[in-house]
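Trainee: I am new to this structure and would like to learn how its descriptions are justified. May we go through the reasoning step by step?

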Amino acid sequence: MGIPAFTEALKKGTSGIKHYPELEALNFSCQLGAIPPLSEEKVTAYFSSLQLKHFQSSGICYGVIAGMDAFRDAGLDVAGKNESPLTNLGIVFGTGTSGVEKFREAIYKLDEGQVRRLGSTTVAQTMASGVSAYLGGMIGAGNLVTTNSSACATGTEAILMGYERIASERATQMLCGSTSDHGPYVWGGFDAMKVTTYKHNHEPHRASRPMSATASGFVPGSGAGAFLLESLESAQERNATIYAEVLGGAVNSGGQRLEGSMTAPNSRAVQHCIEMALQDAGVSGTDIDYINGHLTATVKDPVEIENWCAALGRSGTDFPYINSLKSMVGHCLAASGAVESVAAVLQLQHNFIAPNLNCEDLHPEISRCIDPKYIPKQYIETPLKTVVKASFGFGDVNACVIFRKN
């Protein structure tokens, strides 16, 4: 989508959610999704004709576009094919699955005894690290090049992994982000679990309702987000555009103990993750101006708000602004942490809070915890200095990162 267009969409509260007849034909309860459109012209600007031969991985495609855009926006040059790799630049780019459509094609061909017709790119498109491998080759990255996978916490965790590698002086620059394939073979399991919404199939813009009393589940989304992290000294020497500083963060797990499970968070572990992030960043709960929440439009939204109140030690009229990008783009699964972190940093840079769509009927348990005016329904301009993004994923895993205006 690109930074200017994405920033404008945030300000306007533009929904990217649509109805897909394919999902209706497959008897999905949720027949909605958010799929970034990719024209042939757009794709061929990033991939060679050889790379696109038998290419079917939407997740790798999204990841490469986001990653290369971040790399170029940072003003960096790729290593030439006859040059040494960039030993101080690495990649951590996460995903949940890779090349599901390619897997499907491969399974049918194998079942038909056509193993020799799988082609030479099946492995590269379906291996979990496919997205980082593609990016690594395009850029010539010579440091750590890897893929992480922690369900919905993947993107936020990737940013922290890159941050830690730079902080430990094992890299100067790290390209970090996450991506997610789209389509029925990725989304079907969630539909079967009944965690996606069954309402508003023919009113897609009203369907994703984080913090709403009438929320009935999330709308699945897809796409990718990426950051080029760099040591401050290196960025200043290059006179690079600095969008924000990563102050610190934390990752942990609730161990699927207490009320935590494969699909539900352990609240104490969530609070501890936020508290550890504050400590690592050297800030207190009172320093936070804005929260980019996980807030998936499920029954756990009020619990998340309670956890924020406990971890920050703030409630009522003392609570910071909070919003959920999912009201516009749905739940991008493994891509969500990175996409939402990009949204958080753009709001930080430009001093605004994007509107929360579809929560005019705020959940009463949430309004009892915090003043509704800190859940803006319209775009507002306000000075921002320190913001926090957290993601909570299946498997009871958590990640929290804190950004500050440079």
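**Reasoning from values to terms**

Mentor: Helix H11 (residues 267-281) lies across S7, strand S12 (386-393) and strand S13 (397-404), and runs at about 150° to S7. Please keep in mind that this is a predicted model.

Trainee: What is the order of the strands in the open sheet of five strands?

Mentor: The order is S7-S13-S12-S8-S9, and the pairing is mixed. From one strand to the next, the twist averages 15°.

Trainee: What makes strand S7 (245-253) and strand S9 (321-323) the edge strands?

Mentor: Each of these two strands pairs on one side only.

Trainee: How do you know that strand S8 (residues 290-292) and S9 pair?

Mentor: Two strands count as paired if at least two bridges are found between them. S8 and S9 have three bridges, in the parallel sense, so the condition is met. In one of these pairings, Asn292 has Asn323 in S9 as its bridge partner.

Trainee: In which sense do strand S5 (residues 173-180) and S6 pair, and over how many bridges?

Mentor: They pair in the antiparallel sense over eight bridges. Thr179 stands opposite Ala224 in S6.

Trainee: Why is strand S6 (residues 223-230) described as largely enclosed by the rest of the structure?

Mentor: Seven of its eight residues are buried, so the description follows.

Trainee: Why is the contact between Glu340 and Lys326 called a salt bridge?

Mentor: The term requires a side-chain nitrogen of Lys or Arg within 4 Å of a carboxyl oxygen of Asp or Glu. For Glu340 and Lys326, the closest N and O atoms are 2.8 Å apart, so the pair qualifies. Glu340 lies in helix H14 (residues 336-350) and Lys326 in helix H13 (residues 326-329), so the pair ties together parts that are 14 residues apart in sequence.

Trainee: Why is Glu340 called buried?

Mentor: Buried means under 20% relative accessible area. Glu340 has 1%, so the term applies. Lys326 is buried as well. Beyond residues up to four places away in sequence, Glu340 touches Asn292, Gly293, Leu325, Lys326 and Lys389.

Trainee: How do you know that Asp318 and Arg314 form a salt bridge?

Mentor: Their closest N and O atoms are 3.7 Å apart, and the limit is 4 Å, so the pair is accepted. The partners fall into separate classes of accessibility: Arg314 counts as buried at 9%, whereas Asp318 counts as partly exposed at 39%.

Trainee: What makes Glu275 and Arg268 partly exposed?

Mentor: Partly exposed covers the range between buried, under 20%, and exposed, over 50%. Glu275 has 26% relative accessibility and Arg268 has 42%, so both fall in that range. These residues also form a salt bridge, with the closest N and O atoms 3.2 Å apart.

Trainee: How many salt bridges does a search of the whole structure find?

Mentor: The search finds 10. Salt bridges also link Arg209, Glu360 and Asp361 in a network. In general, side chains of opposite charge can pair when their charged atoms come close.

Trainee: Why is Asn27 called exposed?

Mentor: Exposed means over 50% relative accessible area. Asn27 has 67%, so it is exposed. Asn27 is found in the loop between helix H2 (21-25) and strand S2 (32-33). Although Asn27 is not a glycine, its phi is positive, at about 65°. Most residues other than glycine have a negative phi.

Trainee: What is the phi of Asn239, and where does Asn239 lie?

Mentor: The phi of Asn239 is near 60°, again a positive value in a residue other than glycine. Asn239 lies in the loop between helix H10 (232-238) and S7. With a relative accessible area of 70%, Asn239 is exposed.

Trainee: How do you know that the radius of gyration of the chain agrees with a compact globule?

Mentor: With 406 residues, a compact globule would have a radius of gyration near 22 Å, and the chain has 20 Å, which agrees. Buried residues make up 56% of the chain. The chain has 15 helices and 13 strands.

Technical notes: Residues are numbered from 1 along each chain as its sequence is written. This is a predicted model: local features need pLDDT of at least 70, side-chain atom pairs count only at pLDDT 80 or more; totals for chains, interfaces and linings use all residues. Side-chain values use heavy atoms; hydrogens and water are left out. Buried means under 20% relative accessible area, exposed over 50%, partly exposed in between (1.4 Å probe, protein chains only). Helices (H or I, at least four residues) and strands (E, at least two) are DSSP runs, numbered from the N terminus. Axes are lines fitted to C-alpha atoms, for helices over the stretch in contact, and angles run from 0 to 180 degrees between N-to-C directions. Contact means heavy atoms within 4.5 Å. The radius of gyration is taken over C-alpha atoms; the globule rule is 2.2 Å times the number of residues to the power 0.38.
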